[in-house]
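The exercises below are meant to be worked through with the sequence and the coordinates at hand. Try each task before reading the solution that follows it.

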Amino acid sequence: MGAQKAAWQAVLDSESAALTGTNHAQSLLDLVKAFETVPHDVLANAAEKAGYNLVILRLSLAAYRLLRVLSIEGVFSRKVRATRGITAGSGFATGELKVLLLGLMRALQVFWSEQLNCKLFVDDLTLAASGQPTQLVQLMIRVTDFVVQWMEQRLKMQVSETKSKVIASTPKIAQAIVDGTTNGKVKAATITQLLGTDTAGSRQRRTSRSSKDLPTSGAASTG
């Protein structure tokens with residue numbers, strides 16, 4: 001129901017695995033400019049399969065595709081029509097993005113429901129699993145490549161190479177997962193950001209970002 005809860009659940013999974021002596025790994029995948037790059041034709045096909053109200057979708061897409069111009073200091077471009085993107089402030093945008101990604105989440109449930117713990121918050125997807133090192137690495141390689149391929153080939157969207165990370169209970173496991181993938185999108189990390197909070201994929205809690213956000217002890221408050 002919120003970013004804090006999603007981040008807390010992901011951290012709880014990693015700490016629970018550490019307490020039982022089980023290895024844990026997470027692939028954190030992020031789409032580049034998700035709202036701005038949604039292909040309208042892919043969204044329409046996904047909505048039809050999901051049983052979404054196509055009348056509402058047609059009206060929504062018509063609003064997104066209104067002719068518009070770019071202006072710079074009184075100089076105007078020719079009229080252009082957008083064929084990608086949904087407006088983040090629209091009342092339907094989050095529902096439309098959910099419809100777009102619903103097929104992927106259902107596929108993950110069908111193939112790996114007993115092995116994988118998936119959390120999707122808007123366009124930030126966390127893939128988490130626990131187990132013995134060899135099996136864990138092989139599983140995370142397959143799942144990560146599957147998701148990246150789905151997002152880029154089926155959804156025609158781009159997975160971020162700078163924000164997509166793999167973290168694990170040990171750096172060796174994280175690096176082994178990255179080395180085994182073929183997508184070239186993920187990088188191993190010992191600490192990264194998960195929905196605005198620090199996460200490390202292990203029992204260690206990191207608070208560097210939170211500490212930076214706190215006011216210094218000598219700062220004076222004003223009324």
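**Exercise 1: the hairpin and its sheet**

Task: in this predicted model, describe the hairpin formed by E4 and E5, and then place both strands within their sheet.

Solution. Begin with the turn: E4 and E5 form a hairpin with 2 residues between them, and in that turn valine 122 has a positive phi of about 60°. Next, follow the ladder, in which strand E4 (residues 117-121) runs antiparallel to strand E5 (residues 124-131) and is joined to it by 5 bridges; asparagine 117 stands opposite alanine 128 in E5. Then widen the view to the open sheet, whose 5 strands have the order E4-E5-E1-E6-E7 with mixed pairing. In this sheet E4 and strand E7 (187-188) are the edge strands, each pairing on one side only.

**Exercise 2: the neighbour of E5 and the packed helices**

Task: determine how E1 pairs with E5, and which strands are touched by helix H5 and by H6.

Solution. Strand E1 (residues 23-30) pairs with E5 in the antiparallel sense over 8 bridges, and serine 27 has leucine 127 in E5 as its bridge partner. Helix H5 (residues 133-154) packs on the sheet, where it touches E1 and E5, and its direction makes about 160° with that of E5. H6 also packs on the sheet, touching E1, strand E6 (165-168) and E7, with a direction that makes about 145° with that of E6.

**Exercise 3: the salt bridges**

Task: find the salt bridges of lysine 185, and decide whether this lysine is buried or exposed.

Solution. The first step is the pair with glutamate 152, in which the side chains meet at 3.2 Å, N to O; lysine 185 lies in the loop between H6 and E7 and glutamate 152 in helix H5, 33 residues apart. The second step is the pair with glutamate 161, whose closest N and O atoms are 3.4 Å apart, and here the partner lies in the loop between H5 and E6, 24 residues from lysine 185. Glu152, Glu161 and Lys185 are thus linked in a network of salt bridges.

The third step is accessibility: lysine 185 is buried because its relative accessible area is 9%, and buried means under 20%. Glutamate 152, at 27%, is partly exposed, as is glutamate 161, at 39%.

To complete the count of 3 salt bridges, add lysine 156 with aspartate 41, where the closest N and O atoms are 3.7 Å apart. This pair links the loop between H5 and E6 to helix H2 (residues 40-50), across 115 residues.

Terms used:
Residues numbered from 1 in each chain as written. Predicted model: local features only at pLDDT ≥ 70, side-chain atom pairs only at ≥ 80, totals over all residues. Heavy atoms only, no water. Pairing = 2+ DSSP bridges. Helix = DSSP H or I, 4+ residues; strand = E, 2+ residues; numbered from the N terminus. Contact = heavy atoms within 4.5 Å. Axes fitted to C-alpha atoms, helices over the stretch in contact; angles between N-to-C directions. Salt bridge = Lys/Arg side-chain N within 4 Å of Asp/Glu carboxyl O. Buried < 20%, exposed > 50% of the residue type's maximum accessible area, 1.4 Å probe, protein only.
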